[in-house]
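Hi there,

Here is the structure I promised to pass on to you. Have a look at it first, and then read on for what turned up in it.

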Amino acid sequence: MASPAHPARLAVTLHTLEGQIPADYADVAERLAHSWGVHAVRVTSDKPGRVRLAATIRDPLVRVGQLPASTELLKVTVGRLETGGPWVVDFRTVPHWLNAGATQSGKSNLANALIAGLAPQPVALVGFDLKGGVEFTPYAPRLSALATTRAECGGLLDDLVTLMTDRMGVCRMTGARNIWQLPPTLRPVPVVVLVDELAELYLMADKSEKDEIAKTSTALLRVAQLGRAFGIYLFCCGQRIGSDLGPGVTALRAQCSGRICHRVNDPETATMTLGDLDPAALDSARAIAAETPGVAIVASQDGQWYRARSFYVSEAAAEHAAHTYADLAPAWTDVMAAQPYETPDSQSA
Ligand SMILES: Nc1ncnc2c1ncn2[C@@H]1O[C@H](COP(=O)(O)OP(=O)(O)OP(=O)(O)O)[C@@H](O)[C@H]1O
Ligand SMILES: [Mg+2]
């Protein structure tokens with residue numbers, strides 16, 4: 001029944017007939033949506049013998065509003081969920097992310113939202129721009145480091161591994177399990193690494209690149225495995241994230257618990273991104289229309305999935321934020337030298 005609080009939604013609960021299972025309803029959800037003349041019908045079942053059919057009358061993601069100011073460290077509300085709730089990227093709870101999708105699906109827009117959201121925060125931002133610098137160079141004033149070739153990424157990854165090892169040593173000495181348990185005077189600045197186009201790190205034009213690729217792939221994987229405890233977080237964007245890129249990508253994928261799947265051209269990319277989620281999530285990812293860039297299927301920690309849309313954040317808006325908060329970008333040499341950095345947490349401690 002349409003609830004006054006959500007006039008755009010309608011829900012009915014049914015008792016299943018003998019022999020029926022919720023999947024019988026899920027299988028016909030799309031046909032139900034057609035015959036009811038609504039945007040979508042989602043089927044859930046919270047008790048045996050009962051199913052709930054929730055219809056969304058209009059697509060709530062056609063217009064989603066604007067990026068709000070972030071209020072918590074390492075947490076950015078990047079868009080809106082189909083349920084009306086906020087779509088949040090919180091590196092403290094989910095340290096590493098995969099952001100996949102076809103060309104023009106909205107991956108960079110989401111990276112822009114993160115840059116704009118994180119720019120005013122006491123964090124170091126690092127860019128791996130394997131599109132030759134065209135993506136992140138405009139944001140350089142707020143970046144502590146920027147690599148635009150695989151060789152540069154390799155160098156920066158070596159730095160990140162060194163940084164992680166140093167931080168590990170400090171934590172071990174003081175008996176802390178992670179940087180957040182360190183006393184404020186010792187706590188280093190969190191580092192968010194944005195990667196755009198992940199596949200370029202793994203693609204081999206000829207055999208001579210084999211060793212370089214193996215080296216960067218190992219370093220990136222180490223950062224993913226140990227970064228969480230030591231305040232180094234990854235946000236990896238790419239059109240392709242499949243196993244055809246080699247075992248390094250498969251291992252990296254396993255470390256990225258945050259999964260975002262924008263519109264895809266092939267079902268494999270959706271499967272690779274979302275893993276063994278509910279098949280309905282994969283269908284939903286395949287059904288994202290080109291006319292709605294920024295719409296994505298987002299897998300959350302609790303195994304749930306949501307359809308969501310990022311707030312539109314133009315390159316100009318992200319660039320503006322990068323210039324406005326350029327002073328907050330710690331120099332990479334200071335990050336490497338473990339200069340303590342005042343964070344909101346350390347101020348209150
Ligand atoms: N949430 C959104 N709302 C409105 N427009 C959006 C949204 N996300 C992206 N767009 C628009 O869609 C277009 C493509 O977006 P974007 O550049 O982010 O795609 P992409 O996935 O990074 O593509 P590529 O793989 O080619 O880099 C842009 O013109 C962008 O402005
Ligand atoms: Mg892009």
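Before we start, one term will help: two strands are said to pair if DSSP finds at least two bridges between them. Please also keep in mind that this is a predicted model.

With that in hand, look at strands S5 and S6. They form a hairpin, with 4 residues between them. In the turn sits Gly84, whose phi is positive, at about 100°. S5 covers residues 75-81 and S6 covers residues 86-90, and the two pair in the antiparallel sense over 5 bridges. If you want a spot to start from, find Lys75, which stands opposite Asp90 in S6.

Which other strand pairs with S5 in the antiparallel sense, over 3 bridges? That is S14. Here Gly79 stands opposite Ser310 in S14. As you trace these strands, it may help to know that in a regular strand the side chains alternate between the two faces of the sheet.

Now to the pockets. The largest pocket holds about 1400 Å³ of space. It is lined by 43 residues, and the closest to its centre are Ala40, Val41, Arg42, Ser284 and Trp305. Several elements each supply at least two residues of this lining, including helix H1 (22-27), helix H2 (29-36), helix H8 (279-286) and strand S14 (305-310). Which element gives the largest share of the lining? It is S3, with 5 residues. By residue type, the lining of the largest pocket divides into 22 nonpolar, 11 polar and 10 charged. Both domain 1 (2-56) and domain 2 (75-348) take part, as the lining draws at least three residues from each.

The second largest pocket has a volume of about 420 Å³. Its lining is made of 23 residues, and Gly106, Lys107, Ser108, Asn109 and Pro293 lie nearest its centre. The elements that give two or more residues to this lining are helix H3 (107-118) and S14. H3 gives the most, with 4 residues. How do the residues of this lining divide into nonpolar, polar and charged? The numbers are 6 nonpolar, 11 polar and 6 charged.

If you have time for just one element, try S14. This strand pairs with S5, and it supplies residues to the lining of the largest pocket and of the second largest pocket.

Enjoy exploring, and write back with any questions!

Best wishes

Definitions and conventions:
Residues are numbered from 1 along each chain as its sequence is written. Chains are lettered from A and ligands numbered from 1 in the order in which they are written. This is a predicted model: local features need pLDDT of at least 70, side-chain atom pairs count only at pLDDT 80 or more; totals for chains, interfaces and linings use all residues. Side-chain values use heavy atoms; hydrogens and water are left out. On a 1 Å grid over the protein atoms alone, a cavity is a set of points where a 1.4 Å probe fits but cannot get out, and a pocket is an open set with protein on both sides within 12 Å along at least five of seven lines; lining residues have an atom within 4 Å of a point. Grid points are joined across faces, edges and corners, and a volume is the space filled by probe spheres set on the points. Ala, Val, Leu, Ile, Met, Phe, Trp, Tyr, Cys and Pro count as nonpolar, Asp, Glu, Lys and Arg as charged, and the others, Gly among them, as polar. Domain bounds come from an automatic or database domain assignment.
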